[in-house]
Amino acid sequence: MRNLLVVLLSLSLLSVTACVYKPNIKQGNVLDQKEINQIRPGMTKEQVRFILGNPVLNTNLDNDTWYYLYYLIPSRGDKVEKRLILKFADDKLATMEGTEKPESQE
């Protein structure tokens, strides 16, 4: 009887330790395709900021390049990385680079 109790206690402890919670880790700007589709060359910095919010990375060395970065490390599955790099000239949007781009509007 005692051996059975020890075995049952051991099994219950093993099952409890197997349930480890690992949270999803999200960092950066959440990039929504509907918002990205609204961005057009020639827009001012304020117009872009109104649509996308503040960039996650904006250096003082190059104030005309804005970085919108998003990382997701899920508890299961593959890591997701999205980036949108906006370059301005004379306070107007000149170019867009990165993994996220506006979809063509036809």
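**Entry 1: the hairpin of E3 and E4**

I began with the hairpin of E3 and E4 in this predicted model. Two residues lie between its strands, and aspartate 90 takes a positive phi near 55° there. I noted that aspartate 90 has this positive phi although it is not a glycine. I placed aspartate 90 in the loop between E3 and E4. Is aspartate 90 buried or exposed? Its relative accessibility is 74%, so I recorded aspartate 90 as exposed.

I then turned to aspartate 91. I found aspartate 91 in the loop between strand E3 (80–89) and strand E4 (92–98). Aspartate 91 also has a positive phi, of about 60°, and is likewise not a glycine. The relative accessible area of aspartate 91 is 45%, and I entered this residue as partly exposed because the value falls between the 20% and 50% limits.

**Entry 2: what aspartate 91 reaches**

Which residues does aspartate 91 touch, not counting residues up to four places away in sequence? I listed Met43, Thr44 and Lys45. I also looked up the distance to glutamate 46: the C-alpha atoms of aspartate 91 and glutamate 46 are 9.0 Å apart, while the two residues are 45 apart in sequence. Between side chains, I found a polar contact of 3.4 Å from aspartate 91 to lysine 45.

**Entry 3: lysine 45**

I followed that contact to lysine 45, which is found in helix H3. Is lysine 45 buried or exposed? Lysine 45 counts as buried, because its relative accessibility of 12% is under the 20% limit. A second polar contact joins the side chain of lysine 45 to that of aspartate 64, at 3.0 Å. Leaving out residues up to four places away in sequence, I recorded that lysine 45 touches Asn63, Asp64, Trp66, Phe88 and Asp91. I therefore entered the side chain of lysine 45 as a polar contact partner of aspartate 91 and of aspartate 64, with the 3.5 Å cut-off applied to both.

**Entry 4: the sheet**

I next traced the strands. How are the four strands ordered in the sheet? They form an open sheet in the order E1-E2-E3-E4, with antiparallel pairing. Strand E1 (25–28) and E4 stand at the edges; each has a single partner strand, so one side of each is left without a neighbour in the sheet. On average, neighbouring strands of this sheet are turned by 10° against each other, direction ignored.

I went through the pairs in turn.

- E1 and E2 run antiparallel and are joined by four bridges. Within the sheet, I found glycine 28 opposite tyrosine 70 in E2.
- E2 and E3 pair in the antiparallel sense over eight bridges. The bridge partner of threonine 65 in E3 is lysine 87.
- E3 and E4 pair in the antiparallel sense over six bridges. Lysine 87 stands opposite threonine 95 in E4, and leucine 84 stands opposite glycine 98 in E4.

Lysine 87 thus has entries with threonine 65 and with threonine 95. I also checked the hairpin of E2 and E3: six residues lie between the strands, and glycine 77 takes a positive phi near 105°.

**Entry 5: the nonpolar core**

I looked up the largest nonpolar core, which has 13 residues. Which members touch the most other members? I noted Ile39, Val48, Leu52, Tyr68, Leu84 and Leu86. Helix H3 (45–52), strand E2 (65–73) and E3 are the elements that give two or more residues to this core. In soluble globular proteins, nonpolar side chains tend to be buried together.

I took leucine 86 for a closer check. Leaving aside its neighbours within four places in sequence, leucine 86 is in contact with Val48, Leu52, Asp64, Thr65, Trp66, Tyr68, Leu93, Thr95 and Met96. Among these, Val48, Leu52 and Tyr68 are also on my list of core members that touch the most others.

**Entry 6: the whole chain**

I closed with the overall values. The protein has three helices and four strands, and along the sequence I read the pattern α-β-α-α-β-β-β. Of the 106 residues in the protein, 23% are buried. Among contacts with a separation of 6 or more, 49% are between residues 24 or more positions apart. I recorded an accessible surface of about 8100 Å², of which 55% belongs to carbon and sulfur atoms.

Technical notes:
Residues numbered from 1 in each chain as written. Predicted model: local features only at pLDDT ≥ 70, side-chain atom pairs only at ≥ 80, totals over all residues. Heavy atoms only, no water. Buried < 20%, exposed > 50% of the residue type's maximum accessible area, 1.4 Å probe, protein only. Contact = heavy atoms within 4.5 Å. Polar contact = N/O pair within 3.5 Å; in protein donor to acceptor, adjacent residues only side chain to side chain. Core = buried A, V, L, I, M, F, W, Y, C linked by side-chain atoms within 4.5 Å. Pairing = 2+ DSSP bridges. Axes fitted to C-alpha atoms, helices over the stretch in contact; angles between N-to-C directions. Areas by Shrake-Rupley, 256 points an atom, 1.4 Å probe, with all protein chains shown as cover.
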